[in-house]
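Please find below my notes on the model, set out as numbered points. They go from the overall fold to the sheets, one buried residue and the ligand shell.

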Amino acid sequence: MSADMPPAVPPATTLPMPPAVPLLGHLWDWTAHPLRLLSAGAATGPVFQLQLWRRVLVGYQPEWNRAVLGDLDTFRSVGSLSGMTPYLAAGIVHTDVPDHQPRRRQLNRRFSARSVATLSDQLAELAVQHRPRETVQAASWASTMVRHMLNAALFGSALSDRLLARFLAPLDRRLPAPMLPRPRLFARIDAAIAAVLAEPPPGCVAEHLAGANDAVEQLRTALAAGYDTTAHTLAWAAWHLTGEAERRSAGEVDPLIDEVLRLYPAGWIGSRIAAHDTDCAGVAVPASTMVLYSPYLTHRDPSLWPDPTTFRPARFTDGRPSWSYLPFAAGPRTCLGAHLARLMLRSALAPLCTPVFRQGAGDPTPRPGLTLRPGSQLLIEVDPVRLPRPRGAAGPISVGLR
Ligand code: HEM
């Protein structure tokens, strides 16, 4: 090779792969134990291939993340895994170049840190109103809390809570429940969102989007994208928070949230489709290939995170590294609701920063579905003696399992 020739880019077909089964490839393992399969793949190299229903390439090093997430011209959303669920195959999630950037710019304004900060008081009130009053399963408590908070933030609490719960329920169930088409339910929620848009309560996101011709779809997609992601994160965060020996103040929860998002990134896998032949972080990727990035693998890579499986919020006291920390992805498609999610998490955790709440039994090991969720019940216990009594209440406060 002459000195001025670029180094040869290895073709994707030569990439390593974890052990596969004849005919099925990795499809069975992907369905049954995807996290184990991903970890086995990561042990073969920084970029590896999997034989699913189609060949996919998976990378997890910062340069791969930057190449895949930074270039919207080459790596497209339409045709990727998010298109397999009706909850995400719409709105901004399903918009590619050239429309993505202008639409995102408009939406960003409504979800900026400054804009969502106006919701702080409302969310803090909801957090106190819905804090645990008896021993709870963190996941179901968190789902209810986040449902109410999203209703407040997006719709000024004007959507029927019953309908909202019905719409979101499949996202709480195992696969394939979130993938199944539900045209009647979607039509009902769309009609309800349209009714809110016709007379939006002041201050909510719907008020700002009213008048846009795709407002219903954008709000429905944001609702779905923001629900189980935030609820699962909150469940883990509340359980870890209540298990700490030293009580944190409400102003000190950010490193704990960061560490929960590192160890249990709800968006554990993301995918794109290559629009044309390209060189991606030194790998030749043919047009139409599906490429995956995995916050789960990146966040557990010992070359990036010392002692990666240990829960240690203090590792975030010096900030968050880009491209090796991507719970909200990164680049032009970074999570639209990241500021809102952090505000909901901070608000919901604030009332729990007291010894009234204690960590109960549970195993925080994550289980993958559409998003990552706690694999077992995580209990949060309440000390009934120290719990402030609701005004006018008499007698003991019940401790049961909700
Ligand atoms: C802890 C909570 C959350 C986590 C971990 C999370 C994670 C993510 C990730 C990883 C992506 C990128 C997916 C990809 O393109 O591959 C994403 C995108 C997105 N998220 Fe979130 N999210 C959270 C909360 C929210 C909330 C509260 C909302 C809105 C209410 C939201 C709305 C969206 C939307 C609309 C996108 C698509 C953005 C685009 O394609 O331009 N998310 N989120």
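**Notes on the predicted model**

1. The chain holds 14 helices and 12 strands, where helices (H or I, at least four residues) and strands (E, at least two) are DSSP runs numbered from the N terminus. This is a predicted model, in which local features need pLDDT of at least 70 and side-chain atom pairs count only at pLDDT 80 or more, while totals for chains, interfaces and linings use all residues. Residues are numbered from 1 along each chain as its sequence is written.

2. On overall dimensions, the chain has a radius of gyration of 22 Å, which agrees with the value near 21 Å for a compact globule of 402 residues; the radius is taken over C-alpha atoms, and the globule rule is 2.2 Å times the number of residues to the power 0.38. Along its principal axes, the C-alpha trace spans about 85 × 50 × 40 Å.

3. Of the 402 residues in the chain, 42% are buried; a residue is buried if 20 or more other C-beta atoms lie within 10 Å of its own, exposed if 12 or fewer, and partly exposed in between, with C-beta atoms placed from the backbone. Among contacts between residues at least 6 apart in sequence, 71% join residues at least 24 apart, two residues being in contact if their C-beta atoms, placed from the backbone, lie within 7 Å.

4. One open sheet is formed by 5 strands in the order S1-S2-S8-S5-S3, with mixed pairing, where two strands pair if DSSP finds at least two bridges between them. Strand S1 (47-51) and strand S3 (75-76) stand at the edges, each with a single partner strand, so one side of each is left without a neighbour in the sheet.

5. Within that sheet, S1 and S2 run antiparallel and are joined by 5 bridges, and they form a hairpin with 3 residues between them; phenylalanine 48 stands opposite valine 58 in S2. S2 and S8, by contrast, pair in the parallel sense over 4 bridges, and the bridge partner of glycine 59 in S8 is tyrosine 293. At the S3 edge, S3 pairs with strand S5 (residues 270-274) in the antiparallel sense over 2 bridges, and arginine 76 has isoleucine 273 in S5 as its bridge partner.

6. Helix H3 (residues 62-70) lies across S1, strand S2 (55-59), S3, S5 and strand S8 (290-293), and runs at about 125° to S8. For such angles, axes are lines fitted to C-alpha atoms, for helices over the stretch in contact, and angles run from 0 to 180 degrees between N-to-C directions.

7. Another open sheet has 3 strands in the order S4-S12-S9, with antiparallel pairing. Its edge strands are strand S4 (136-137) and strand S9 (357-359), each of which pairs on one side only. S4 is joined by 2 bridges to strand S12 (residues 379-382), with isoleucine 380 in S12 as the bridge partner of valine 136. S9 and S12 pair over 3 bridges, and arginine 358 stands opposite glutamate 381 in S12.

8. Which residues of S12 lie on its covered face, and which on its uncovered one? Ile380 and Val382 form the covered face, whereas Leu379 and Glu381 form the uncovered one. H11 lies across S9 and S12, running at about 100° to S9.

9. Arginine 373, found in strand S11 (residues 372-374), deserves a separate look. This residue is buried, with 23 other C-beta atoms within 10 Å. Leaving aside its neighbours within four places in sequence, arginine 373 is in contact with Ala139, His232, Pro366 and Arg367. The C-alpha atoms of arginine 373 and alanine 329, which are 44 residues apart along the chain, are separated by 18 Å.

10. Turning to the ligand, 22 residues surround it, the closest being Gly226, Gly267, Gly270, Cys335 and Gly337; a residue is near a molecule if its C-beta atom, placed from the backbone, lies within 6 Å of it. Helix H11 (215-243) and helix H14 (338-349) each supply at least two residues of this shell, and the largest share, 7 residues, comes from H11.

11. By residue class, the shell around the ligand divides into 12 nonpolar, 8 polar and 2 charged residues. In this division Ala, Val, Leu, Ile, Met, Phe, Trp, Tyr, Cys and Pro count as nonpolar, Asp, Glu, Lys and Arg as charged, and the others, Gly among them, as polar.
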